[in-house]
Amino acid sequence: MHDALELVYPSLDHADGYLAARAEGFRDSSSGSDSAQISRDTLADHLARLQQPGRPLALADGTVEDPVPFGHLWLVSGSHFIGRVGVRYHLNRALRRSGGHVGYEIRPSMQRQGFGHAALALGRAHLATHGTKTILVTCADGNLGSRRIIEAAGGCLEDLIDAPDGSGQRIRRYWFGPRVPEQFWPGLSIPVALHTSVKLNP
Ligand SMILES: CC(C)(COP(=O)(O)OP(=O)(O)OC[C@H]1O[C@@H](n2cnc3c(N)ncnc32)[C@H](O)[C@@H]1OP(=O)(O)O)[C@@H](O)C(=O)NCCC(=O)NCCS
């Protein structure tokens with residue numbers, strides 16, 4: 001894999017790699033809501049749904065959180081599909097507690113090769129180019145891979161909280177200050193030119 005890593009909007013250009021990743025168990029959502037069997041015939045509809053704004057979220061105290069502007073991006077290298085990076089350009093109250101600005105997932109066959117580090121670095125760089133430099137990233141306390149990624153990048157642990165979904169999990173909340181991410185992992189290069197045509201969902 002010699003092409004630079006980059007974040008792109010989901011498109012049929014990466015259909016082969018994306019369908020292969022799904023066959024490995026990769027999903028476009030960590031919420032479990034993306035369990036559908038996607039075929040080449042239904043892929044275009046699926047990709048369109050990925051960019052639709054979320055639904056308002058009712059909290060336990062009766063308040064309702066509006067969806068926030070977000071970008072659903074894929075991490076690719078040339079024709080290789082590697083994973084996804086979700087970015088939120090603003091946070092509502094629920095996301096400020098848990099969820100944060102950036103989420104990432106690497107397809108199973110490409111894990112443990114440094115791409116998780118790259119996903120967070122590129123997500124931060126993407127947000128920085130759109131004016132968001134103070135960034136919250138959260139992960140489950142037991143997610144050792146994600147913890148290593150966030151801590152290696154200099155995330156500052158604010159606290160540990162109980163997961164709002166009542167699962168009993170503990171969530172670690174890290175902040176990044178207004179610094180452009182540096183290249184800190186060997187063997188990979190962050191592309192200089194990121195895709196800059198951000199479409200903010202209403
Ligand atoms: C977490 C995840 C993104 C890591 O991706 P990855 O490409 O394997 O990560 P990297 O190869 O960049 O590895 C990052 C570090 O974590 C370590 N690591 C990765 N997976 C690990 C695991 N399961 N257990 C312990 N350490 C792990 C690596 O050894 C590496 O450590 P090092 O930098 O000190 O050498 C990936 O496992 C994944 O997609 N998980 C499911 C979704 C998820 O949990 N997303 C994060 C939500 S906050």
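Let me start with the elements around the ligand. In this predicted model, β6 (102–106), α4 (115–129) and α5 (144–152) each supply at least two residues of the shell around the ligand. So which of the elements gives the most to that shell? That is α5, with 6 residues.

In total, 20 residues surround the ligand. The closest are Gln111, Gly116, Cys139, Gly145 and Arg148. Sorted by type, the shell has 7 nonpolar, 10 polar and 3 charged residues.

Next, the two helices. The axes of α4 and α5 are 9 Å apart, and the helices pack at an angle of about 50°. Are they parallel, perpendicular or oblique to each other? An angle of 65 to 115 degrees would count as roughly perpendicular, and one under 35 as roughly parallel. The angle here falls in neither range, and α4 and α5 are therefore oblique to each other. The crossing of α4 past α5 is right-handed.

Which residues make this contact? From α4 there are Gly116, His117 and Leu120, and from α5 there are Gly145, Ile149, Ile150 and Ala152. By type, that contact holds 4 nonpolar residues, 3 polar ones and no charged ones. Two names return from the ligand shell: Gly116 and Gly145 are among the closest residues to the ligand, and both also take part in the contact between the helices.

Now the sheets. One of them is an open sheet of 4 strands, in the order β1-β4-β5-β6, with antiparallel pairing. Which strands stand at the edges? Those are β1 and β6; each has a single partner strand, so one side of each is left without a neighbour in the sheet. On average, neighbouring strands here are turned by 25° against each other, if direction is ignored.

We can walk across this sheet strand by strand. Strand β1 (residues 5–8) is joined to strand β4 (residues 70–77) by 4 bridges, and in that pairing Glu6 stands opposite Val76. From β4 to strand β5 (residues 80–88) there are 8 bridges, with Gly71 and Val87 as one pair of bridge partners. β4 and β5 also form a hairpin, with 2 residues between them. In the turn, Gly78 has a positive phi of about 55°. The last step goes from β5 to β6, which pair over 5 bridges; here Gly86 stands opposite Gly103.

The helix α4 packs on this sheet and touches β1, β4, β5 and β6. Its direction makes about 150° with that of β6. Recall that α4 and β6 both supply residues to the shell around the ligand.

If you look along any strand on the screen, one point helps. In a regular strand, side chains alternate between the two faces of the sheet.

The other sheet to look at is also open. It has 3 strands in the order β7-β9-β8, again with antiparallel pairing. Its edge strands are β7 (135–140) and β8 (156–162), and each of them pairs on one side only. From one strand to the next, the twist averages 25°.

How many bridges link β8 and strand β9 (residues 170–176)? There are 6, in the antiparallel sense. One pair of bridge partners there is Asp162 and Arg170, with Arg170 in β9.

Finally, where does α5 lie? It lies across β7 and β9, and runs at about 155° to β7.

To put the pieces together: α4 packs on the sheet that contains β6, α5 lies across β7 and β9, and α4 and α5 pack against each other at about 50°. Both helices, along with β6, contribute to the shell around the ligand.

Methods
Residues are numbered from 1 along each chain as its sequence is written. This is a predicted model: local features need pLDDT of at least 70, side-chain atom pairs count only at pLDDT 80 or more; totals for chains, interfaces and linings use all residues. A residue is near a molecule or strand if its C-beta atom, placed from the backbone, lies within 6 Å of it. Ala, Val, Leu, Ile, Met, Phe, Trp, Tyr, Cys and Pro count as nonpolar, Asp, Glu, Lys and Arg as charged, and the others, Gly among them, as polar. Axes are lines fitted to C-alpha atoms, for helices over the stretch in contact, and angles run from 0 to 180 degrees between N-to-C directions. Angles under 35 degrees count as roughly parallel, over 145 as roughly antiparallel, 65 to 115 as roughly perpendicular and the rest as oblique. A crossing is left-handed if the near helix is turned anticlockwise from the far one by less than a right angle, and right-handed if clockwise. Two residues are in contact if their C-beta atoms, placed from the backbone, lie within 7 Å. Two strands pair if DSSP finds at least two bridges between them.
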